[in-house]
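Hi,

Here is the structure I said I would pass on. Have a look at it first, and then read my notes underneath.

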Amino acid sequence: MGVRLMVVDDHRLLAEALASALKLRGHRVLAAAAPAAGAADLVVSRAPEVCLLGTATPAEPGAFDPIVKIKRERPQVAVVVLGPVPSPRGIAAAFAAGASGYVRHDERIEGVERAMVKARAGEAVVAPQLLQGAFSELLNPVAQPDDEGQRLLHLLTPREVEVLVRVAEGEDTRLIAAGMGIAPSTARTHVQRVLMKLGVGSRLEAAALAARTGLLDRAAASPGVFPPALSSMVPRPSLPMER
């Protein structure tokens, strides 16, 4: 029985080529699209059984944000990522966002098809060669400085760092919105993205993590990360209000 699916890829031509190949193999392709701002909305509206999400930059911050939105609004949709060989953290990030599988973008069509069918059945799918590479890197890690604060800082945009500073200062959504000159709904969205990227469940946890890892000190020392006027706020994290 064919899979009802959508194909979303950074390159529209690749998305359409993969869609055509899968149609010839008896699958029902609802759409093939490039992941512009509305790609996740399109998946949500069409509600396929499986979404194949191609990305050339799995390490980029926000690369898997569409998966978060899809799984939040259509949890029954299985998302399989097609991408280059990432680090173990890259694979983990895809699954943390809600993906059901990660397959190399140069995989044969048969391998993609098997991944689709398994994902639809509720199985987690990772190509064996990816697991082998991941285990190899985990068992023989490249020595790197242990700087959790710097790693977390790279996950956030300058705007999100500013939001985190204000959260650590105890500002609620209304104050954040007023201080940044944005709508409360936009401020709330920024806060949720910060929590998601830091992997925490509350503003209090975000503030505690920022203080423990020295994230805000590193942000203050990085030119252009946020306006100098905010630098004086950094050393004094307080308990944020939950709103």
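**What I found**

R174 is exposed, with a relative accessible area of 55%. Keep in mind that this is a predicted model, so every value here is computed from predicted coordinates. R174 is found in helix 9, and its C-alpha atom is separated by 9.0 Å from that of R188, 14 residues further apart along the chain. R188 belongs to the stretch of helix 10 that meets helix 9, which brings me to the helix packing.

**Helices around helix 10**

How do helix 9 and helix 10 pack? Helix 9 (residues 173-180) packs with helix 10 at an angle of about 105°, and the axes are 8 Å apart. That makes the two roughly perpendicular, since angles from 65 to 115 degrees count as such. On the helix 9 side the contact uses T173, I176 and A177, and these meet P184, A187, R188 and V191 of helix 10. By residue type, this contact has five nonpolar, one polar and one charged.

Helix 8 (residues 158-168) also packs with helix 10 (residues 184-198), here at about 95° with the axes 9 Å apart. Helix 8 and helix 10 are therefore roughly perpendicular to each other as well. Helix 8 contributes R159, E160, V163, L164 and V167, while helix 10 contributes H190, V191, R193, V194, K197 and L198. This contact divides into six nonpolar, one polar and four charged residues. V191 of helix 10 appears in the contact with helix 8 and in the one with helix 9.

Helix 10 turns up again with helix 3 (residues 65-73), where D65, I67 and I70 are buried. Those buried residues pack against helix 10, and also against helix 2 (39-46), strand 3 (50-54), strand 4 (78-83) and helix 4 (88-97).

**The sheet**

What is the strand order of the open sheet? The six strands run 2-1-3-4-5-6, and the pairing is parallel. Strand 2 and strand 6 (125-126) are the edges, each pairing on one side only. Helix 4 packs on this sheet and touches strand 4, strand 5 (101-104) and strand 6, with its direction at about 140° to that of strand 5. Helix 2 lies across strand 1, strand 2 and strand 3, and runs at about 175° to strand 1.

Strand 1 (residues 4-8) and strand 2 (residues 28-33) pair in the parallel sense over five bridges. One of the bridge pairs joins V7 to A32 in strand 2. With helix 1 (residues 12-24), these two strands make a right-handed β-α-β unit.

**One backbone detail**

A47 is worth a look in your viewer. A47 has a positive phi of about 50° although it is not a glycine, and it lies in the loop between helix 2 and strand 3. Is A47 buried or exposed? A47 is buried, with a relative accessible area of 16%.

**The chain as a whole**

The secondary structure comes to 12 helices and six strands. Of the 243 residues in the chain, buried ones make up 44%. Among contacts with a separation of 6 or more, 69% are between residues 24 or more positions apart.

Cheers

How values were computed
Residues are numbered from 1 along each chain as its sequence is written. This is a predicted model: local features need pLDDT of at least 70, side-chain atom pairs count only at pLDDT 80 or more; totals for chains, interfaces and linings use all residues. Side-chain values use heavy atoms; hydrogens and water are left out. Axes are lines fitted to C-alpha atoms, for helices over the stretch in contact, and angles run from 0 to 180 degrees between N-to-C directions. Helices (H or I, at least four residues) and strands (E, at least two) are DSSP runs, numbered from the N terminus. Angles under 35 degrees count as roughly parallel, over 145 as roughly antiparallel, 65 to 115 as roughly perpendicular and the rest as oblique. Contact means heavy atoms within 4.5 Å. Ala, Val, Leu, Ile, Met, Phe, Trp, Tyr, Cys and Pro count as nonpolar, Asp, Glu, Lys and Arg as charged, and the others, Gly among them, as polar. Buried means under 20% relative accessible area, exposed over 50%, partly exposed in between (1.4 Å probe, protein chains only). Two strands pair if DSSP finds at least two bridges between them. A crossover is right-handed if, with the strands pointing away from the viewer, the path from the first strand over the helix to the second runs clockwise.
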